[in-house]
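Q: I have a protein model open in front of me, and I would like to learn how to read its pockets and its salt bridges. Could we go through them step by step?

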Amino acid sequence: MSYFTEYKDVIQEGDLALIWISRDNIKPITIDVTATFNTRYGSFPHKDMIGKKYGSQIAIRTKTNKKFAFIHVLQPTPELWTLSLPHRTQIVYTPDSSYIMQRLNCGPSSTVIEAGTGSGSFSHAFARSVKQLYTFEFHPVRYEQALKEFKDHGLLEENVIITQRDVCANGFTIKKGDLTSVTFSDTEESVDIGANAIFLDLPSPWDAIPHLDEVISHNEKVGLCCFSPCIEQVDKTLEVLEKFGWTNVEMVEIQGKQYESRRQMVRTLDDAMERLKDIKKRKLEGVERRKRQLENLENDDGNIEDEEEKKILEPQPLTEKTKYNPFGKGSRIREGDSNYEWKQVTKMETEVKSHTSYLTFAFKTMNKTRNEEKVGILLASLSK
Ligand code: SAM
């Protein structure tokens, strides 16, 4: 069973779970009754998670015992995995992977080739949606790490095959004796891939493209996407795509942005004037007070008998706490406080995780002969 494709309700021993600490801090764990998940706020024993529903909030008292610390235990999804996985390479983030899969028409009948596997971020997204994924990685250590990870996540039993291969030098055909997760039967010599979608995240995709004709489906339109950070790479790819008969070529760049909706206090000109007057008044009071303190210290004979002098020398706040400040400092006003006027605004988050590479799409139909029978049926149905 794959933790990424089958949903379950209850957290159980041995599950891969994702611990949501904050939006940019999500950690994968394997539920083990004897283990504890440690954070800087405190420790969460796994046994307290077992039997609870996925999505549950788990609370403990913090180390100082004064407050509570919270985590949420979530079932893995490709989107959450992308945010929490151990990075072995640059990865493809969800804004790109979702767009690419949609453009390549990926669905339950798709057979996809991916190279290279890298950290397996996109592999998890493909695995959830497509019929079969063939992924290729030439780096021996990264291949082993991905192989183990896919096995642990149940992806190899489902629809993922990983092969160690330099696809630029040796293409994509998988044969008996190759370093691959395919198990060949006695009669099989090679895998008939027949891919209808290809994703290349390689430094030189133009060297891999000439090998694709051997492994793509000949009976349907096949989509290809190359993910390249430099425009020079795109240029070289375009040349080879044209040479090898790929058409409908288009280059796209995804610029993911997240908009946050919030309320902003309405500030009038009168508010600004009031605020300026307040600042000036408090500044003058501070200057006067310090002047008086300085004079008193200069005349000091060691005995402070004068009551006024005592009062002046007592520690006191430099300025009186402001009562109303529409500009954010001083007394804090809760967003949306009904005593003030608010307007609805959107704020753009600057930090959205998406790697801005150029996406080059192209399509190819190998067998361009007309199926006269099908065309006849279609024309007949239209003329009715
Ligand atoms: N798309 C992956 C993800 O989302 O995690 C990241 C891919 S990473 C940027 C590129 C990977 O391609 C690296 O792991 C690298 O070892 C592999 N690679 C580079 N050239 C290759 C080649 N000729 N054949 C197979 N893999 C290759």
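Q: Which residues lie nearest the centre of the largest pocket, and how many residues line it?
A: Rolling a probe the size of a water molecule over the atoms shows where empty space is left. In this model, which is a predicted one, the largest pocket is lined by 31 residues, and those nearest its centre are A115, G116, D201, L202 and P203. The volume of this pocket comes to about 560 Å³.

Q: Which helices and strands each supply at least two residues of that lining?
A: Two strands and two helices do so, namely strand 7 (111-115), strand 8 (132-137), helix 3 (121-129) and helix 6 (167-170).

Q: How many residues of each class does the lining of the largest pocket have?
A: When the lining is sorted by class, it has 13 nonpolar residues, 12 polar ones and six charged ones.

Q: Turning to salt bridges, how many are there by the rule used here?
A: The rule asks for a side-chain nitrogen of Lys or Arg within 4 Å of a carboxyl oxygen of Asp or Glu, and by this rule the count comes to 13 salt bridges. One of them joins R128 to E79, whose closest N and O atoms are 2.7 Å apart. R128 belongs to helix 3 and E79 to helix 1 (residues 78-84), so this pair ties together parts that are 49 residues apart in sequence.

Q: Is R128 buried or exposed, and what of E79?
A: Neither word fits, because buried means under 20% relative accessible area and exposed means over 50%, with partly exposed in between. R128 is partly exposed, at 31%, and E79 is also partly exposed, at 30%.

Q: Where in the chain do E335 and R262 lie?
A: E335 sits in the loop between helix 10 (307-313) and strand 14 (342-349), whereas R262 is in strand 13 (residues 258-265), so that the pair links distant parts of the chain, 73 residues apart. Their side chains meet in a salt bridge, with 3.2 Å from N to O. E335 is partly exposed, at 32% relative accessibility, and R262 is partly exposed as well, at 30%.

Q: What separates R275 and D278 within helix 9?
A: They are three residues apart in helix 9 (residues 269-298), which means a separation of about one helical turn. These two residues form a salt bridge whose closest N and O atoms are 3.9 Å apart, and both R275 and D278 are buried. Together with R282, they are linked in a network of salt bridges.

Conventions
Residues numbered from 1 in each chain as written. Predicted model: local features only at pLDDT ≥ 70, side-chain atom pairs only at ≥ 80, totals over all residues. Heavy atoms only, no water. 1 Å grid on protein atoms, 1.4 Å probe; cavity = no way out; pocket = protein on both sides within 12 Å on 5 of 7 lines; lining within 4 Å. Points joined across faces, edges and corners; volume = space filled by probe spheres on them. Helix = DSSP H or I, 4+ residues; strand = E, 2+ residues; numbered from the N terminus. Nonpolar A, V, L, I, M, F, W, Y, C, P; charged D, E, K, R; others polar. Buried < 20%, exposed > 50% of the residue type's maximum accessible area, 1.4 Å probe, protein only.
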